[in-house]
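I opened this notebook page to record what I looked up around the ligand and in the nonpolar interior. My entries follow in the order in which I checked them.

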Amino acid sequence: MGKLLYITANPKGIEKSKGLKIGEAFIKTIKAESPETEIKTIDLFTLDIAHMDAELVSARGKLAGYGYTLDQLTEGEREKILKMHAIADEFLSFDYFVFVSPIWNLSSPAVLKAYLDNLFIAGKTFAHTATGPKGLLTGKKAIHINTRGGLYTGTPMKDLESGDRYLRIALNFLGIEVMDTIIAEALDLYPQKVSEIVEKAKEEAILAAREMIKSPVIH
Ligand SMILES: Cc1cc2nc3c(=O)[nH]c(=O)nc-3n(C[C@H](O)[C@H](O)[C@H](O)COP(=O)(O)O)c2cc1C
């Protein structure tokens with residue numbers, strides 16, 4: 001394997017987060033069975049993300065739409081757009097991605113959306129073509145480890161789930177293949193079953209890690 005970016009969006013820490021424990025099982029498998037893999041962890045709750053505020057939206061528009069150069073931006077605009085590009089450049093330098101996030105209010109923690117906002121850069125991660133937008137990150141692979149208090153799979157709640165769904169849509173849009181989503185759900189519905197649900201998800205995570213090891217990225 002090449003380089004793997006492990007991206008977590010849970011502020012609870014591994015002692016309290018079931019998702020981070022499942023993620024740990026994934027990463028331990030990669031370390032044990034593909035020791036040459038270069039792994040970097042990003043905790044989105046501590047990462048200094050550029051948020052889509054007035055300055056960043058303005059900088060984006062000036063550069064993309066009005067042909068401005070960097071030195072024609074205000075200092076605040078330049079600082080934020082450079083931060084955004086640094087986050088995207090770092091992301092681009094990896095081959096494999098593991099996202100770990102809980103479902104919060106039917107979606108993902110806001111930091112994950114903010115991070116993904118930093119990756120949508122026309123000309124860098126996707127291109128506008130005559131036939132519509134085209135992802136430029138083809139050949140790269142991702143998985144998502146998603147914890148949920150409620151039960152979505154096979155219930156009417158499935159249509160309301162917008163965390164894993166959006167993450168997959170966003171990564172696919174950029175050209176990244178999402179190999180799998182490992183779902184640990186009903187965690188708050190059946191407290192007596194939590195360890196069983198988490199252990200099953202850990203086993204799935206171990207299998208998914210082995211699958212990822214076997215899946216070469218195409219540059
Ligand atoms: C702010 C907040 C919002 C939540 N919203 C939902 C929700 O919409 N649907 C759901 O099934 N669980 C929801 N939950 C429960 C969490 O998804 C669940 O406890 C969590 O996924 C457990 O995983 P963790 O231990 O890795 O955090 C919410 C939890 C928090 C803290």
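Entry one, the ligand shell. I sorted the residues around the ligand by class, and the shell comes out as 5 nonpolar, 7 polar and 5 charged residues. I note here that the model is a predicted one, and that the values below are computed from it. In total 17 residues surround the ligand, and I listed K12, I103, N105, G150 and Y152 as the closest.

Entry two, polar atoms at the ligand. I looked up which protein atoms face its oxygen and nitrogen atoms, and found that a polar side-chain atom of N10 lies 2.9 Å from a ligand oxygen, while a backbone N or O atom of G19 lies 2.8 Å from an oxygen atom of the ligand. For a ligand nitrogen, I found a backbone N or O atom of N105 at 2.8 Å. I then checked the cover, and the protein takes up 74% of the 630 Å² of accessible area that the ligand has on its own.

Entry three, the nonpolar cores. The largest core holds 34 residues, of which L44, F91, F97, F99, Y115 and L171 touch the most other members. I traced which elements give two or more residues to this core, and among them are strand 1 (3-8), helix 3 (75-92), strand 3 (96-102) and helix 5 (163-173). I followed F91 further and, leaving out residues up to four places away in sequence, found that F91 touches L5, I7, F97, F99, Y115, L119, L137, L171 and I176. I also noted a second, separate core of 24 residues, which includes V100, I197, A201 and V217.

Methods
Residues numbered from 1 in each chain as written. Predicted model: local features only at pLDDT ≥ 70, side-chain atom pairs only at ≥ 80, totals over all residues. Heavy atoms only, no water. Near = heavy atom within 4 Å. Polar contact = N/O pair within 3.5 Å; in protein donor to acceptor, adjacent residues only side chain to side chain. Areas by Shrake-Rupley, 256 points an atom, 1.4 Å probe, with all protein chains shown as cover. Nonpolar A, V, L, I, M, F, W, Y, C, P; charged D, E, K, R; others polar. Core = buried A, V, L, I, M, F, W, Y, C linked by side-chain atoms within 4.5 Å. Buried < 20%, exposed > 50% of the residue type's maximum accessible area, 1.4 Å probe, protein only. Helix = DSSP H or I, 4+ residues; strand = E, 2+ residues; numbered from the N terminus. Contact = heavy atoms within 4.5 Å.
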